[in-house]
4 protein chains.
Amino acid sequence: MSTITMHQAQSVLNTCLNKSEELGVAMNIAVVDAGGNLKAFARMDGAWLGSIDIAQRKARTARFFNMESGALGEISQPGGPLFNIEVSNGGLITFPGGIPLVLDGQIVGAVGVSGSTVQDDLEVARAGVEILRS
Amino acid sequence: MSTITMHQAQSVLNTCLNKSEELGVAMNIAVVDAGGNLKAFARMDGAWLGSIDIAQRKARTARFFNMESGALGEISQPGGPLFNIEVSNGGLITFPGGIPLVLDGQIVGAVGVSGSTVQDDLEVARAGVEILRS
Amino acid sequence: MSTITMHQAQSVLNTCLNKSEELGVAMNIAVVDAGGNLKAFARMDGAWLGSIDIAQRKARTARFFNMESGALGEISQPGGPLFNIEVSNGGLITFPGGIPLVLDGQIVGAVGVSGSTVQDDLEVARAGVEILRS
Amino acid sequence: MSTITMHQAQSVLNTCLNKSEELGVAMNIAVVDAGGNLKAFARMDGAWLGSIDIAQRKARTARFFNMESGALGEISQPGGPLFNIEVSNGGLITFPGGIPLVLDGQIVGAVGVSGSTVQDDLEVARAGVEILRS
């Protein structure tokens, strides 16, 4: 199993922090490895306390199903094929902000961002994903 | 980080108790500090036992996201951007009755009220918020 | 089932707060009713955050077994008859500071105090018990 | 309530990482703020997965009782005054490696280190505490 190193995780995290400052938002940022276990985390000053947990769940959700957390949300709405999947795994977060991290074509972990609108969360998470890809 | 003192928390709580008596309802009232940790609590005679937990979760929810618990409920409905956020943080309560407490322009904690209709819960919580602001 | 009223619970709590100030200690104080459910709580400024939970568990433990939490601790030491009882009920606290509250010869609830040495915790809890008895 | 900033938390964390490399050990390092909530975390490559949770609990334990986690362990042995305190607060860790962080004479958070012997854990945590003090 290929997995993210601590330095790669910190690089993703720092890129997310820079993007957050650029957007003027206070975020919680979590990076998990290929095993879904926490590798790096930071909470910006003034960021929501409730997002400590959500950022980590977004990252885990993205790695647990190898898709963006928001993609899982689309297929777990009322009437959808995976309705209520969020009660599994001790609680999933199925709105945007969690994205798998890919290196050399393999998923090596995931990043989760929480603290603003889901659009901002997603934009910050995408910045983190890109730095690893480049 | 500014936080509420015990005497301020008790003042909020007593104001909520007076408002509840005025309305003729039996409430559970919880006050948390800036760190989201319980500072003061009271359960009126005859109040719902199930609301011991709900009052505390409403207060924590309001502080965790720096908004009224009911505001979070509006954006976490099916199809909404934060659908199912309530599975995070060990369980959030996203209907009205939890409000951040503000002092000198800073959020210093939150109050949560549960025991009657959400309208009553909210009216009692608002009374507690006002006493701190005055 | 006779149980404590909110005003009696607040009287116990306030007596404990006064005793704590007299001793110069910062306490968490919890009162539960005859059903073992939280009735009143206060955390003094600067009191240990970890004692929010412990004060409540001491009170519940005292009511769950109708004895002082410390008395349960004496019979649950290694080799004792109730060794490891603390893993039941979601976690009991079996050192001093939790005492049943008695009114007219009936147990109507319990008080739990945590924040200093167990001697101080116990002395403060006893003050609360006495006010109800007088 | 004074609390640690993200940059201070990251400084503590990086100092702990450097000390760990110097000792040749793979650690999990967590920093919580004054409210006991996670502020920064890193897991070194090859560090124990089970220590993700322990590092965080050590930090919380140190802040919850404003003492080193190992000091709490000394008074919670069988026959000790706080025997079995670890069942409270969802699970405390009472062996060395968690230390309060002090700035200008006030506790502003805590650091928790887990991944090697308790002696190594403690030495790494102490390095983090010192950087904030200097």
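Modeller: In this predicted model, chain B and chain C share 13 residue pairs in polar contact, both residues at pLDDT 80 or more. Elements giving two or more residues to the side of chain B that touches chain C are α1 (6-23), β2 (38-43) and α2 (51-65) of chain B. β2(B) supplies the largest share, 6 residues. By class, this side of chain B holds 11 nonpolar, 5 polar and 4 charged residues.

Colleague: Why is the meeting of D33(C) and R43(B) called a salt bridge?

Modeller: The side chains are 2.8 Å apart, N to O. The cut-off is 4 Å between a side-chain nitrogen of Lys or Arg and a carboxyl oxygen of Asp or Glu, so the pair qualifies. The count between chain B and chain C is 4 salt bridges.

Colleague: What makes β2(B) and β2 of chain C count as paired strands?

Modeller: Pairing requires at least two bridges, and these strands have 3, so they count as paired. The sense is antiparallel. A42(B), for one, has A40(C) as its bridge partner.

Colleague: How do you know how chain B and chain D are related?

Modeller: A turn of 180° with a shift of 0.0 Å along the axis lays chain B on chain D at an RMSD of 0.0 Å. The copies are therefore related as by a two-fold rotation axis. In chain B, the C-alpha nearest that axis belongs to G35(B), at 2.2 Å.

Colleague: What makes you say that one surface serves both copies?

Modeller: Of the contact residues of chain B, 100% recur in chain D. The contact involves 4 residues of chain B and 4 residues of chain D, and about 440 Å² is buried between them.

Terms used: Residues are numbered from 1 along each chain as its sequence is written. Chains are lettered from A and ligands numbered from 1 in the order in which they are written. This is a predicted model: local features need pLDDT of at least 70, side-chain atom pairs count only at pLDDT 80 or more; totals for chains, interfaces and linings use all residues. Side-chain values use heavy atoms; hydrogens and water are left out. Copies are superposed by least squares on the C-alpha atoms of residues with pLDDT of at least 70 in both. Contact means heavy atoms within 4.5 Å. Buried area is the accessible area (1.4 Å probe) that two parts lose on being put together, summed over both. A polar contact is a pair of N or O atoms within 3.5 Å; within protein, one must be able to donate a hydrogen and the other to accept it, and residues adjacent in sequence count only if both atoms are side-chain atoms. Helices (H or I, at least four residues) and strands (E, at least two) are DSSP runs, numbered from the N terminus. Ala, Val, Leu, Ile, Met, Phe, Trp, Tyr, Cys and Pro count as nonpolar, Asp, Glu, Lys and Arg as charged, and the others, Gly among them, as polar.
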